[in-house]
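Got the structure open in your viewer? Let's walk through it one selection at a time.

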Amino acid sequence: MAAMRLLETPGDYAIGVGVHSAITARIAERTGFDVLWLSGLEVSAERALPDLNVITLTEMAGELREVARASSLPVFVDGDNGYGSDELMLRAACMFAESGATAMCVEDNEFPKRNSFYRGVGRSLEDVRVFARRIELVRGRVPQLKLIARTEALVAGLGPDEAVIRARAYVDAGADAVFIQTITSTVGEFELVLERLRGTIPIMVTPTKMPGVLAADLHQMGADVIIYSSVVMRTVIASLERCLSDLRRAERPSAVFDQMPPLEALFELTSTHHRLATVPAPARPQPPSAAAGRGVAPAGALPRAAPGTRPPARPS
């Protein structure tokens with residue numbers, strides 16, 4: 001598990017992808033990714049909800065259990081901003097660890113959070129000491145769960161110095177890795193932050209606003225874990241809208257056969273044949289005539305009386 005090793009000792013880089021369900025997790029594993037990112041944005045979108053702390057930690061834990069069941073890859077779960085308090089962040093960590101998470105990522109946005117890429121919204125970050133205390137609390141109480149501390153300092157316009165200060169404070173509090181978020185206008189600052197932190201702690205990034213940069217180049221900048229977040233959900237939206245629009249116009253499934261796999265591919269992806277081969281088939285019901293031939297009374301029949309006795313009375 002390359003991603004796990006990188007959370008212990010920086011070295012080569014791992015590539016992950018954002019998922020939102022068991023089936024997307026399984027496809028991600030089959031296509032060669034190293035780690036799964038259970039994205040709050042994607043899980044929210046899957047429910048047709050905005051990424052505004054609307055989904056609960058119990059909803060994320062439920063989705064996490066299904067993702068962990070469907071894939072053997074390490075799962076990094078998006079814990080948003082820890083749900084707004086010390087107690088809720090600790091409860092989230094406990095639930096996520098029990099549900100199969102390898103690591104939990106928490107960000108220093110104040111509650112309620114605003115997605116990094118929402119435009120024209122006010123942003124404020126949690127006090128660095130308060131957020132560091134939460135990390136320290138979780139580190140001490142849930143030691144088996146890796147912690148990734150995400151700072152939104154660049155997105156909030158606080159500059160590279162603040163981003164570095166926050167990243168180091170979170171590491172001192174017990175974080176196993178840091179996640180430096182950037183938007184298009186802060187890419188230059190992002191590169192400065194990575195240069196100052198490179199080699200001192202594992203760094204995770206999501207190059208959503210740097211789509212033309214190769215993973216190897218991000219690694220050269222200092223990134224150890226590179227996550228392609230929101231790609232899966234955005235692909236689902238685009239391909240599903242196109243397919244359903246074509247189907248509605250044509251009014252015949254054969255018109256969209258070139259846009260979907262055969263049923264056999266679905267059965268293979270869901271391990272259907274393996275399950276059928278390992279689960280015993282249900283016993284076939286016997287017709288009444290066959291049952292009677294073996295001395296078995298048909299359903300509803302009264303028991304036969306013993307010789308020399310009166311048959312039992314039929315209930316009224």
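Start by selecting G16 and I227: G16 stands opposite I227, which belongs to strand β8. Now widen the selection to the two strands around them. Strand β1 covers residues 14-19 and strand β8 covers residues 225-228, and the two pair in the parallel sense over four bridges. Keep in mind as you click around that this is a predicted model.

Stay with β8 and look at its pairing with β7. Two bridges join β7 to β8, and these strands run parallel. To see one spot where they face each other, pick V205, which stands opposite I226 in β8. How does the chain get from β7 to β8? It crosses through helix α9, residues 215-221, and this β-α-β crossover is right-handed.

Before leaving this corner, select T208, which sits in the loop between β7 and α9. Is T208 buried or partly exposed? Its relative accessibility is 22%, so T208 counts as partly exposed, the cut-off for buried being under 20%. Show its surroundings too: leaving out residues up to four places away in sequence, T208 touches F117, S229, S230 and R234. Then draw a distance from T208 to T182: the two are 26 residues apart in sequence, and their C-alpha atoms are 8.5 Å apart in space.

Now zoom out and colour the strands. Eight strands close into a barrel, in the order β1-β2-β3-β4-β5-β6-β7-β8, and the pairing is parallel. On average, neighbouring strands of this sheet are turned by 25 degrees against each other, direction ignored. Next, add helix α6: it packs on the sheet and touches β4 and β5 (146-151), its direction making about 170 degrees with that of β5. Helix α8, residues 187-197, is another one to display; α8 lies across β6 and β7 (203-205) and runs at about 165 degrees to β6.

Next stop: β3. Select residues 75-78 and show the side chains. Which way do they point? V75 and V77 point one way from the strand, F76 and D78 point the other way, and all are buried. On one side is strand β2 (residues 35-38), joined to β3 by three bridges, with the two strands running parallel. Here W37 stands opposite F76 in β3. Strand β4 (residues 103-107) is also joined to β3 by three bridges, and again the strands run parallel. In β4, look for C105, the bridge partner of D78. To see what goes with these two strands, add helix α5, residues 86-98: β3, α5 and β4 make a right-handed β-α-β unit.

Time for the aromatic rings. How many aromatic pairs are there? The count comes to two aromatic pairs. For one of them, select W37 and F179: their ring centres are 6.3 Å apart and their planes stand at 80 degrees, so the pair is edge-to-face. This pair links distant parts of the chain, with W37 in strand β2 and F179 in strand β6 (residues 177-180), 142 residues apart. Both W37 and F179 are buried.

Now pick F131 and Y170. With ring centres 5.0 Å apart and planes at 65 degrees, the pair F131 and Y170 is edge-to-face, since angles over 60 degrees count that way. F131 lies in helix α6 (residues 128-141) and Y170 in helix α7 (residues 159-173), so the pair ties together parts that are 39 residues apart in sequence. Check how much of each ring residue you can reach from outside: F131 is at 0% relative accessibility and counts as buried, and Y170 is buried as well, with a relative accessible area of 0%.

To finish, select the whole protein chain. It holds 13 helices and eight strands. Of its 316 residues, 44% count as buried. Switch on the surface: the accessible surface of the chain comes to about 16800 Å², and 56% of that belongs to carbon and sulfur atoms. Last, turn to the contacts. Taking contacts between residues at least 6 apart in sequence, 68% join residues at least 24 apart.

Key. Residues are numbered from 1 along each chain as its sequence is written. This is a predicted model: local features need pLDDT of at least 70, side-chain atom pairs count only at pLDDT 80 or more; totals for chains, interfaces and linings use all residues. Side-chain values use heavy atoms; hydrogens and water are left out. Buried means under 20% relative accessible area, exposed over 50%, partly exposed in between (1.4 Å probe, protein chains only). Two strands pair if DSSP finds at least two bridges between them. A crossover is right-handed if, with the strands pointing away from the viewer, the path from the first strand over the helix to the second runs clockwise. Contact means heavy atoms within 4.5 Å. Accessible areas come from the Shrake-Rupley method with a 1.4 Å probe; for residues, only the protein chains shown count as cover. Rings of Phe, Tyr and Trp (its six-membered ring) pair if their centres lie within 6.5 Å; planes under 30 degrees apart count as stacked, over 60 as edge-to-face and the rest as tilted. Axes are lines fitted to C-alpha atoms, for helices over the stretch in contact, and angles run from 0 to 180 degrees between N-to-C directions.
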